[in-house]
Amino acid sequence: MEYTTLGRTGIRVSVAGLGCGGFSRLGLGTGKSESEAIALVGAALDEGVTLFDTAAAYVTESVLGKAVKTVARDRIVLCTKAPFGISHPNASPEAAIAGLDASLRRLDTDYIDVYQLHGVAPASYDHARNVIAPALLREQAKGKFRHLGITETAPNDTGHAMLERAVRDGIWDVVMVGFHMMHQNARARVFPLTREQRVGTLLMFAVRNIFSRPDRLAATLRELAAAGQVPPALAQSPDPLGFLVRDGGASSVIDAAYRFVRHEPGVDVVLFGTGDRDHLRANLASILKPPLPQDDQSRLASLFGHLAVSYTHLTLP
């Protein structure tokens, strides 16, 4: 495993972080048992993963808490998120504090390393900053969490409008941002700001189903080609990103996707989800490989650098 510093928090973290949500939810989303989910977290720890990201909405806080209970607390970094409702303009400070306390109970820990407001839309940001954040910072002063973070609602804010404001405000020590091979605009809109302000970054949606499901990739490329946003040949090819997979290049499109994001300046931790040990090890192997060849990076920038494509949503210029 490789390690880095999570922005101005000063916390040393693994460059790969295990996400406890998504479709797999540590395997719970695909029919695995709680004991299997706990064993999966143990396997991640054995591989050197130290950062774990969950949320009230994922319903995995309790499982994660059980999985790390026997691990020295200073060996792990626990990140969780407020209930989704706390991100909305009608949420009260009292509800935010109750959500934090509930997460502490479910994780069975004395403190959370990074407590994040979950999926804050641009229209909700003023409320998050002016009403919710002050209440949470008072709880931070009591020792309930170490650092305050905020996550964007990537499918509905593909231009990162919320984070462009948040990073400049000095309140949030960590942000979660969407970035992948076909959604590269954080390179210009977010990462220069986070690097300047020394805000830590957790990267989401490196793969999800746009690269793990060939049918989803093909459908997205057909839509883009029809709109004149990518060359028609990409939509017609049975293997549109096959140029990435070759000797000296990536071993698969998923391998390419992880390597593409891992080495982007401004990315601290690449989050990945899984419910399977072999898949866990394969993801880690890709995240720890060298960058993609420069000609592949340049080609990806040329083909897709102008797009805004989340894992579920397409926005055209």
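**Helix H1, aromatic pairs and the overall fold**

User: What makes the reach of helix H1 close to the expected one?
Analyst: H1 covers residues 34-46, 13 residues in total, and reaches 19 Å from its first C-alpha to its last. The expected span is 1.5 Å times one less than the number of residues, and for H1 that is 18 Å, so the two are close. Helices (H or I, at least four residues) and strands (E, at least two) are DSSP runs, numbered from the N terminus.

User: What should I keep in mind about the model and its numbering?
Analyst: It's a predicted model, where local features need pLDDT of at least 70 and side-chain atom pairs count only at pLDDT 80 or more, while totals for chains, interfaces and linings use all residues. Residues are numbered from 1 along each chain as its sequence is written, and side-chain values use heavy atoms, leaving out hydrogens and water.

User: Which residues of H1 are buried, and what do they pack against?
Analyst: Ala37, Leu40, Val41, Ala43, Ala44 and Leu45 are the buried ones. Buried means under 20% relative accessible area, exposed over 50%, partly exposed in between (1.4 Å probe, protein chains only). Those H1 residues pack against strand E3 (16-19), strand E4 (51-53), helix H2 (61-67) and helix H12 (277-287). Just after H1, Gly48 has a positive phi of about 100°.

User: How do you know whether Thr60 is buried or exposed?
Analyst: Thr60 has a relative accessible area of 0%, so Thr60 is buried. Thr60 sits in the loop between E4 and H2. Leaving aside residues up to four places away in sequence, Thr60 touches Cys20, Arg25, Leu26, Leu28 and Thr54, where contact means heavy atoms within 4.5 Å.

User: How many aromatic pairs turn up in the whole structure?
Analyst: Four. Rings of Phe, Tyr and Trp (its six-membered ring) pair if their centres lie within 6.5 Å; planes under 30 degrees apart count as stacked, over 60 as edge-to-face and the rest as tilted.

User: Why is the Tyr115 and Phe145 pair called tilted?
Analyst: The ring centres of Tyr115 and Phe145 are 5.9 Å apart and the planes stand at 40°, so tilted is the right label. Tyr115 belongs to strand E6 (residues 112-120) and Phe145 to strand E7 (residues 145-152), so the pair ties together parts 30 residues apart in sequence. Tyr115 and Phe145 are both buried.

User: And what makes Phe179 and Phe191 an edge-to-face pair?
Analyst: Their centres lie 5.3 Å apart and their planes meet at 80°, so the pair is edge-to-face. Phe179 is in the loop between strand E8 (174-178) and helix H6 (186-189), and Phe191 is in helix H7 (residues 191-197), twelve residues apart. Phe179 counts as buried at 0% relative accessibility, and Phe191 does at 1%. Ring pairs also join Phe179, Phe191 and Phe260 into a cluster.

User: How do you know that a charge sits over the ring of Tyr111?
Analyst: The test is NZ of Lys or CZ of Arg within 6 Å of the ring centre and within 35 degrees of the ring normal. The charged end of Arg73 sits over the Tyr111 ring, 4.0 Å from its centre. Arg299 lies over the face of Phe243, 3.9 Å from the ring centre.

User: How does the radius of gyration of the protein chain fit a compact globule?
Analyst: Taken over C-alpha atoms, the globule rule is 2.2 Å times the number of residues to the power 0.38. For 317 residues that gives near 20 Å, and the chain has 19 Å, so they agree. The chain holds 13 helices and twelve strands, and buried residues make up 56% of the 317.
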